[in-house]
Amino acid sequence: MSSYIKTVFAVCIGICASAPLLASEPNETPIFPSIPPNQNAFQAIPDARSFDLEASDQVGTILQNQNARNAFGIACSENLTLTPRPDQTVLVSLDLPCRRSEQIKISHAGLAFDLRTDDTGSAVFEMPILDFSGAIESKFRDGSAISRSIPSDDAGGINRVAVEWFDGEMARVSFSDGSAKDRNIIRLGDGTGHVIDVVTKPQSARRFTAVDRLVIASQITEGNCLENRYGKVRRVLHNQPAVEYALSIAAPGCSRIGTSMVLKNVLQDLILAED
């Protein structure tokens, strides 16, 4: 080995022996600056069981009350009022703020007719009484209903016949002589469904009696010339039990379009009072 190489080797050994071993030195702990606590830190979400149930009930009540009002903020209370009127009739008043322009069915004494409420949910009409121990019921589209008992006793002195028509193009009840006695015929319903024709005459105090002949008349059109007409009759005579029976009229045929069909002796004659 040359003297130059020996010298370098010796120097290298001296330097390596004097240098400290890195593996023998302990690791220094890093120093981080302290961070102040965040005053806006999110709070822990409470367990669902700890919610304020009372507050939750109040919210539900508020929502329920809001749902029970119409678009104008009027409470959806539903009222049916019956007010006694002369000649054994009642004034029927319906106040249904949340049933505007809705078709409803009015039932009384086994007969029914349909009408629509106005834009405010109201309907007012006069109803001849057909059963003094009965009630008047208003049934709604959702199946619910309200009813009131007749607020009047049978004072007698009334002869009355009512015919409920089931189909859209109904016949009409009239007197056979076509006289001014038609003023005693009331049609219940607005034509959107079933209607009822009611004929009424008071009993004379002198009890002079005459027979009033009733007929059924109908205009024959393309829409009804092939349709049978179906109805239901209730007859209430002074001091006699009420009588009920079904009514069926055969289709007149389309060869008679534009003419009128008049049926006599279909309804039982009424013994009504002379004036």
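The following paragraphs lead from the chain as a whole to its cores, its paired strands and one loop residue.

The structure is a predicted model. Its chain has 275 residues, of which 32% count as buried, and it contains 17 strands and 2 helices. Among contacts in the chain with a separation of 6 or more, 64% are between residues 24 or more positions apart. The accessible surface amounts to about 17,500 Å², and carbon and sulfur atoms make up 55% of that surface.

In soluble globular proteins, nonpolar side chains tend to be buried together. In this model, the largest nonpolar core has 26 residues, and those touching the most other members are Val92, Leu94, Ile106, Phe113, Met127 and Ile136. Two or more residues of this core come from each of the strands S1 (79-85), S2 (89-95), S3 (103-108), S4 (111-116), S5 (122-128) and S11 (195-202). Met127 illustrates how the members meet: leaving aside residues up to four places away in sequence, Met127 touches Thr89, Val90, Val92, His108, Phe113, Ile136 and Leu188. Another core, of 19 residues, lies apart from the one around Met127, and its members include Ala171, Val173, Val195 and Cys225.

The next element to consider is strand S14, which spans residues 229-236. Because 6 of its 8 residues are buried, strand S14 is largely enclosed by the rest of the structure. Strand S14 has an antiparallel pairing with strand S8 (residues 158-165), to which 6 bridges join it. Within this pairing, Glu164 has Lys232 of S14 as its bridge partner. Strand S14 also pairs with strand S15 (residues 243-249), again in the antiparallel sense, over 7 bridges. Here the bridge partner of Gly231 is Leu247 in S15. S14 and S15 form a hairpin with 6 residues between the strands, and in this hairpin Asn239 takes a positive phi near 60 degrees.

Beyond S15, the loop that leads to strand S16 (260-264) holds Arg256. The relative accessible area of Arg256 is 35%, so this residue is partly exposed, a class that lies between the limits of 20% and 50%. Not counting residues up to four places away in sequence, Arg256 touches Ile220 and Met261. Arg256 can also be placed relative to Cys225, a member of the 19-residue core. The two residues, Arg256 and Cys225, are 31 residues apart in sequence, and their C-alpha atoms are 7.6 Å apart in space.

Terms used
Residues numbered from 1 in each chain as written. Predicted model: local features only at pLDDT ≥ 70, side-chain atom pairs only at ≥ 80, totals over all residues. Heavy atoms only, no water. Core = buried A, V, L, I, M, F, W, Y, C linked by side-chain atoms within 4.5 Å. Buried < 20%, exposed > 50% of the residue type's maximum accessible area, 1.4 Å probe, protein only. Helix = DSSP H or I, 4+ residues; strand = E, 2+ residues; numbered from the N terminus. Contact = heavy atoms within 4.5 Å. Pairing = 2+ DSSP bridges. Areas by Shrake-Rupley, 256 points an atom, 1.4 Å probe, with all protein chains shown as cover.
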